[in-house]
Amino acid sequence: MANPGGGAVCNGILHDHQKQSNGSQRQSGNCTKNGIVKEAQQNGKPHCYDKLIVESFEEAPLHVMVFTYLGYGIGTLFGYLRDFLRNSGIEKCSAAVERPEQKDFVPLYQDFENFYTRNLYMRIRDNWNRPICSAPGPLFDVMERVSDDYNWTFRYTGRIIKDVINIGSYNFLGLAVKYDESMRTVKDVLEAYGSGVASTRHEMGTLDKHKELEDLVAKFLNVEAAMVFGMGFATNSMNIPALVGKGCLILSDELNHTSLVLGARLSGATIRVFKHNNIQSLEKLLRDAVIYGQPRTRRAWKKILILVEGIYSMEGSILHLPQILALKKKYKAYLYIDEAHSIGAVGPTGRGVTEFFGIDPGDIDVLMGTFTKSFGASGGYIAGRKDVVDYLRAHSHSAVYATSMSPPIAEHIIRGMKLIMGLDGTTQGQQRIQQLAKNTRYFRQKLNEMGFIVYGNEHSPVIPVLLYMPSKVAAFARHMLERKIGVVVVGFPATPLAEARTRICLSAAHTREMLDKVLEALDEMGDLLHLKYSRHRKSARPELYDETSFELDD
Amino acid sequence: MKEGRKEVPRLRMATATEQWVLVEMVQAVYEAPAYHLILEGILILWIIRLLFSKTYKLQERSDLTLKEKEELIEEWQPEPLVPPVSKDHPALNYNIISGPPSHNIVVNGKKCINFASFNFLGLLDNPRVKAAALASLKKYGVGTCGPRGFYGTFDVHLDLEDRLAQFMKTEEAIIYSYGFATIASAIPAYSKRGDIVFVDRAACFAIQKGLQASRSDIKIFNHNDMADLERLLKEQEIEDQKNPRKARVTRRFIVVEGLYMNTGTICPLPELVKLKYKYKARIFLEESLSFGVLGKHGRGLTEHYGINIDDIDLISANMENSLASIGGFCCGRSFVIDHQRLSGQGYCFSASLPPLLAAAAIEGLNIMEENPGIFAELKEKCRQIHKALQGISGLKVVGESLSPAFHLQLEESTGSREKDVNLLQKIVNLCMSRGIALTQARYLDKEEKWLPPPSIRVVVTVEQTEEELEKAASTIKAVAQEVLL
């Protein structure tokens, strides 16, 4: 599915999107790899679109995988050895211990559960939770910390590593910056309202600022209505249970964020998982669900909700929206898109994946997103038809039980959104969106040329570069910090065991100089740590992957 | 040779016997009755048939034709995503507050004194808190653009955690970016499938959701009924003796609230601590209403009862009530709290608290530490209005006299929840028109495990003057008389 158009070129500059989107509803006939569910092809309409999805998930060479597992194996062996030494009192155990009065209680957590944390994560944990002491802009200040006991505790030296290039924070549009005059309204609201609300939306916590923000969000997304919540994570976990319940089916992408998984679990609905972004896998589940109904009772499902994300934060892949939308329509399912990482980040005017594919946002039942990333604030929204939003106003767990959004934060979002929409009278917002797209294209292309294995969609500003081996993860992150570049590295359990990676997050605020400096450092790292695993031809146009490289096509 | 000769006859004998057996078999066939032969023949055929046929035919039973499948797909009509909401649902006709939701509040354009927001210490409008938040805004901007693990840890967060731990006199504290998510994430970080949680019937919704996410076995005891809890603990002890292997890995937790959001009552902590050591169950205490309220220094329930805070395994509270900021925290011993840094879902997978809100909370703590008198003042005000509200015909006061949030329930229900709610709403609306902003306690009727009766929740803050408290009490009294008599 990843590349239905075959060998056509990928989309170039921004205005090409518009052309593409006009034609995107047109069906294309050459949908040859639409395997698994053959009946659908014969009877149903073929659900392929001209819109190109150039996505790459190159497999690692075999020896890399072997060494990666070997690395974990050795780490585990030494872990057992160290545990043995600790238990027999030879090595001092630095972990916090239960108080003596409660020694005979059932252990609060199983020792084994913590094996990975104690023996593998502890060795390299200096690469996470690095404290910073400035705004998370394109350059930030990292507080230097050292450990005298192999990462069990940290000591702050008091020194500050100034002006580290930040390629870790989700600051897509560069709106997370320290105060400047353009943020005057935020200051005014803070001074007028204070920072808290101290009540819920249903009781005494609906402020005029909330109303203003909700109206603006609805306008921004071009939908009927919207509601905002104080925390992005909770927007998912506290609203999905209001939409579906027992007797309903949730079809969830296997790589969905924890908050979506939690929301699905709390809802009490049956959950089935389809392969990441895999249309065949989803269609098979949908068909089976509609045809065979609920297990055992065979009663028809009350409703089916498809839970997906716009951009997947660890893969950099973009939702295959047109195909999923066609399935949704065919099988009368409902679609819930979490645009946490895509709102503001893709689409010619930053409206997220719907705009990226040129799809009417009214076709999506529930549009969810957060204000943490592109808007540099916090909180989340749910937008869609008025009846859906009204229902959530009345039944969302968050609206009834949780404190509403802080007014200065609401104001910051309003300001950012107006900027993106051009309502502030400048083209600054539009420029930022274009700059982000430009940065993304430039950076991804350079990485591909260097020979890294880079995951995801070529338009995604979230760029995972594969490192594989756990020891390289640590070496990479430490060396990069030495070169004054702050990277985010992720490993198991956030990714599959053998696919540890660094996740680069581009921002419109990154200048070409910054990107070049990062690229230079990456190049150096790639040679030093042998990270350039890609076996593909290094081409200036990275679109011509052969089909075997698409894991999605299995 | 000799041996060879000996062998031959033995061999012959063996063949002879075999031959004899064969002969006998053939003879038996001849002698057998015909029906017997037929029966055996049928059995042999049956066996062959069984061997060659498939065991059962699932395919034949359920294999729908393509056309049938398409028809099924065509026919299926899902329920609408959401049922319609009636136009007069209170959530669709919400009060809009213009300006700050502080002591003097403008609700739907009408100026009122606020008796509804949990702004117990009046910190929402405090100029010092605002100044601290503003200083933070100037340095850090607004958002953190990432979770704690990925450059979402700011020095302000570390400061706030240290300050909270210091204030509560515990080893460590951990902050969350949303009050609701605090206890709802903390419980499933420890309590897993197979573990047992004893929980008070009146526990708030956040606890209920945390328990649901943990997938543990839930045992509910009657509200504040320690005898009932002990009964359940005893039952469990007997159960454990039956299966000691399982008991050795089954964690037991008791989850309670300091001051109950739903009832305004206080938790009998000393008895609970006794039960904890007797039955080896850990205590998780939710202090969203009691933190910054109870105790000489506002440290909450443990200080109120003079209990060693280390006896409580985990204390969680939000920073949205007394501290009038946003977010929540858990505190306790490092052995307990540190586990959440990798297991607390709302901590690991959510963007961290905006620094300006953390700065506001720190300044709030400063004010609390500098003016320990405010807690006594708040208590006095609670007592005053509590007393003044006694004896209203038709309304009863539910909750402790030291609780800054308590409930006014109908003395006698009309029999239908809807009617009760409407009656109370009438009282709320009339009070509002006379300058007293109140609200009903709102619940999701269908979602609550134990739905409290409808009530008006009265919130006391230190900013309310004696006259205002007096006025509120007399207004409520007068309005209740009008509506209920």
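User: How much area do domain 1 of chain A and domain 2 of chain A bury between them?
Analyst: Bear in mind that we're looking at a predicted model. Of the area buried between these two domains, 62% is on carbon and sulfur atoms. Just three residues, E55(A), I433(A) and V462(A), supply 28% of what domain 1 of chain A buries against domain 2 of chain A, more than any other three. The total buried between the two domains is about 1,500 Å².

User: Where do those two domains sit along chain A, and how far apart are their centres?
Analyst: Domain 1 is made of two stretches, 55-166 and 427-536, while domain 2 covers 181-421. Taken over C-alpha atoms, the centres of domain 1 and domain 2 of chain A are separated by 29 Å.

User: Which element gives the most to the side of domain 1 of chain A that touches domain 2 of chain A?
Analyst: Let's start with the contacts: 21 residues of domain 1 of chain A meet 21 residues of domain 2 of chain A, and eight residue pairs across that interface are in polar contact. On the domain 1 side, α16 (428-450), β11 (456-457), β12 (462-468) and β15 (500-505) of chain A each supply at least two residues. That side splits into nine nonpolar, seven polar and five charged residues. The top contributor, with seven residues, is α16(A).

User: How many salt bridges are counted between domain 1 of chain A and domain 2 of chain A?
Analyst: Have a look at E315(A) and R501(A), which form a salt bridge. Their closest N and O atoms are 2.8 Å apart, and the cut-off is 4 Å, so the pair passes. For the two domains of chain A, the count is one salt bridge.

User: Is T372(A) buried or exposed?
Analyst: First, find T372(A) in the loop between β9 (366-370) and β10 (380-384) of chain A. Leaving aside neighbours within four places in sequence, T372(A) touches Y170(A), A377(A), S378(A) and G379(A), along with C145(B), G146(B) and A351(B) from chain B. Its relative accessibility is 4%, and buried means under 20%, so T372(A) counts as buried.

User: What area is buried between chain A and chain B?
Analyst: Here 119 residues of chain A are in contact with 116 residues of chain B. L108(A), M204(A) and Y401(A) supply 9% of the area that chain A buries against chain B, more than any other three residues. Carbon and sulfur atoms give 65% of the area buried between the chains, and the total is about 10,200 Å².

User: How many salt bridges are there between chain A and chain B?
Analyst: One pair to look up is R287(A) with E70(B), which form a salt bridge with their closest N and O atoms 3.3 Å apart. The rule also finds 44 residue pairs in polar contact across this interface. As for salt bridges between chain A and chain B, the count is six.

User: Which helix supplies the largest share of the side of chain A that touches chain B?
Analyst: Sorted by class, that side of chain A has 61 nonpolar, 33 polar and 25 charged residues. Seven residues, the largest share, come from residues 386-395 of chain A, which is helix α13.

User: What percentage of chain A is buried?
Analyst: Chain A has 18 helices and 15 strands. Among its contacts between residues at least 6 apart in sequence, 73% join residues at least 24 apart. Out of 554 residues in chain A, the buried portion is 64%.

Key: Residues numbered from 1 in each chain as written. Chains lettered and ligands numbered in written order. Predicted model: local features only at pLDDT ≥ 70, side-chain atom pairs only at ≥ 80, totals over all residues. Heavy atoms only, no water. Domains from an automatic or database assignment. Contact = heavy atoms within 4.5 Å. Buried area = accessible area lost by both parts, 1.4 Å probe. Salt bridge = Lys/Arg side-chain N within 4 Å of Asp/Glu carboxyl O. Polar contact = N/O pair within 3.5 Å; in protein donor to acceptor, adjacent residues only side chain to side chain. Helix = DSSP H or I, 4+ residues; strand = E, 2+ residues; numbered from the N terminus. Nonpolar A, V, L, I, M, F, W, Y, C, P; charged D, E, K, R; others polar. Buried < 20%, exposed > 50% of the residue type's maximum accessible area, 1.4 Å probe, protein only.
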